[in-house]
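Visitor: I am new to this structure and would be grateful for a close look at a single part of it. Please begin from the question I put below and then lead me outward to the surroundings.

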Amino acid sequence: MNQKPLFWKLKAFLFLVGSMNTFVISYLPLYFKNLGLTTSEIGMFLALGTFAGLIGQPFWGLISDKYKTVKKIVIVVVLGSVLGLVWIFQLSHIGWIFIAGSFFFLFYNALFPLSENLTKRLADQNGVSFGSIRSWAAIGFALISLMSGFLFAKVGIQYLAFPMIFIGVMLFLLSLGLTDAKTGTEKMDFKKMGAFFKNPTLLLFFFFVSFITLTHRMNDSFISLYLFDIGGDETLVGWLWFIAVSSEAIMFLTATLWFRSQKPIHYIILAGFLYMGRWIVIGFISSPVLLLFIQSLHGVCYVILFMGAIEYLYKRLPVEMQATGHMAFMIIVFGVTGIIGSFAGGFIFETFGGSTLYFLMAASTLIGIAGLVYFNIKNPHSTEMAE
């Protein structure tokens, strides 16, 4: 079988997934700010969207594992996301924006983990580096972020709907040509799945990692607004995310050189220390240019954390549970923390300012580091699947 067409289609799809994520993370908050929403209301919108994702992600993951297909579910969530976007950009009343946003995130929040699951399975089945394929999402995020910064500085953020809907349509067309991944031969055992996610070792791992990912989610939601607060503009927002996600792409591309799968917890602890230092420095920054330099640590922190966490998770999951397991990880470690981060972050930012928010993020990261060190000492062989 010629693998080149398979992976080029997947890489193009991931490129557009990353591109869409650029607009959702970097520019959608600015669009709503331009529409007249307050920082707290924007935080509520993001939190409500994350809550909707908590419903959608396990549902789509379970459907994917039950019917042993990732591709068909990806097509459905892309289509739902596009319809949600069309709805959102027709609205100006905050109540309807919240409703349409919930519909959008019900589908959209499942797109990235499903895409990653498909990528991980195809990479493992064909002996290809997962990071080398996954990096195309980061490349798409970086390039489109930079281009969009210049675009919106010229034409205004009020035209955000046009590129988002266009990329959504392109994603749908590309999803039709994706290759599905092989799944496990065993049927999914829901009792076994339930017992697995009641496993105290796994839940303790999720708990400690969440103190770090909480800060990652807060930064995603409010870094663009923080840049504006210290004197930035739309062009600098583009550069901010271009620098951040370029470093992410480099880290994924070079993962085979620095990542070893034997001790994934050690990578997460290292990422925690890097995150903590980054938040402390940002808390002291008052120059947009300095913030751009610090953003180069974004990819370093995230990819080390992500590679360690995913490796840990996949070592504990049989193949027939991996889509659901991946979704559960995203829900607990990124979804729940996204709700807390959006609500609490919006309140702290508006009441006490951005610097205070980042110092509190550093404190949260320190708690996560201490917990993971304890976890690693008490559970040195925790990557073995519990029966």
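Which residues are linked in a network of salt bridges?

Guide: The model before you is predicted. The residues in question are E116, R134 and E248, which are joined by salt bridges into a network. Over the whole structure, a search finds 2 salt bridges, and each may be taken in turn.

One salt bridge pairs E116 with R134, and the closest N and O atoms of this pair lie 3.0 Å apart. E116 belongs to helix α4 and R134 to helix α5, so the contact joins distant parts of the chain, 18 residues apart. The other salt bridge is formed by the side chains of R134 and E248, at 3.5 Å from N to O. Here R134 is again the partner from helix α5, while E248 lies in helix α9, which covers residues 234–253; the pair therefore ties together parts that stand 114 residues apart in sequence. R134 thus takes part in the contact with E116 and also in the contact with E248. As a general principle, side chains of opposite charge can pair when their charged atoms come close.

Are the members of this network buried or exposed? A residue is called buried when its relative accessible area is under 20%. E116 is buried, because its relative accessible area is 2%. R134 counts as buried as well, with a relative accessibility of 1%. E248 has a value of 8% and therefore also counts as buried.

The helices that hold these residues also contribute to enclosed spaces. There are 3 cavities of 30 Å³ or more in the model. The largest cavity has a volume of about 660 Å³. It is lined by 34 residues, and those closest to its centre are N21, I25, F112, R217 and D220. Two or more lining residues come from each of α1 (3–35), α2 (39–67), α4, α5, α8 (200–229), α9, α13 and α14 (322–352). Helices α4, α5 and α9, already met in the network, are therefore among the contributors to this lining. The element that gives the most is α4, with 7 residues. By class, the lining of the largest cavity holds 19 nonpolar, 10 polar and 5 charged residues.

The second largest cavity contains about 40 Å³ of space. Its lining consists of M20, V78, S81, V82, L85, F104, Y108, L111, G168 and L171. At least two of these lining residues are supplied by each of α3 (71–88), α4 and α6. The largest share, 4 residues, comes from α3. This lining has 8 nonpolar and 2 polar residues, and no charged ones.

Open spaces may be considered next. The largest pocket has a volume of about 250 Å³. Of its 14 lining residues, K120, F130, F259, M307 and E311 are the closest to the centre. The elements giving two or more residues to this lining are α4 (94–126), α5 (130–155), α10 (255–258) and α13 (297–316). Helix α13 provides the largest share, with 3 residues. The lining of the largest pocket divides into 6 nonpolar, 4 polar and 4 charged residues.

Helix α13 also holds V303. This residue counts as buried, because its relative accessibility is 0%. V303 and A271 are separated by 32 residues in sequence, and their C-alpha atoms are 8.4 Å apart in space.

The surface may close this account. There, F166, V169, M170, L173 and L176 form a nonpolar patch, and together they have about 460 Å² of accessible area. One of these residues, L173, is placed in helix α6, which spans residues 161–175. L173 is described as partly exposed because its relative accessible area is 48%. Helix α6 is also one of the elements that line the second largest cavity.

To return to the question with which you began, the network consists of E116, R134 and E248.

Key:
Residues numbered from 1 in each chain as written. Predicted model: local features only at pLDDT ≥ 70, side-chain atom pairs only at ≥ 80, totals over all residues. Heavy atoms only, no water. 1 Å grid on protein atoms, 1.4 Å probe; cavity = no way out; pocket = protein on both sides within 12 Å on 5 of 7 lines; lining within 4 Å. Points joined across faces, edges and corners; volume = space filled by probe spheres on them. Nonpolar A, V, L, I, M, F, W, Y, C, P; charged D, E, K, R; others polar. Patch = residues over 30% accessible without salt bridge, like charges linked within 9 Å, V, L, I, M, F, W, Y side chains within 5 Å. Areas by Shrake-Rupley, 256 points an atom, 1.4 Å probe, with all protein chains shown as cover. Salt bridge = Lys/Arg side-chain N within 4 Å of Asp/Glu carboxyl O. Buried < 20%, exposed > 50% of the residue type's maximum accessible area, 1.4 Å probe, protein only.
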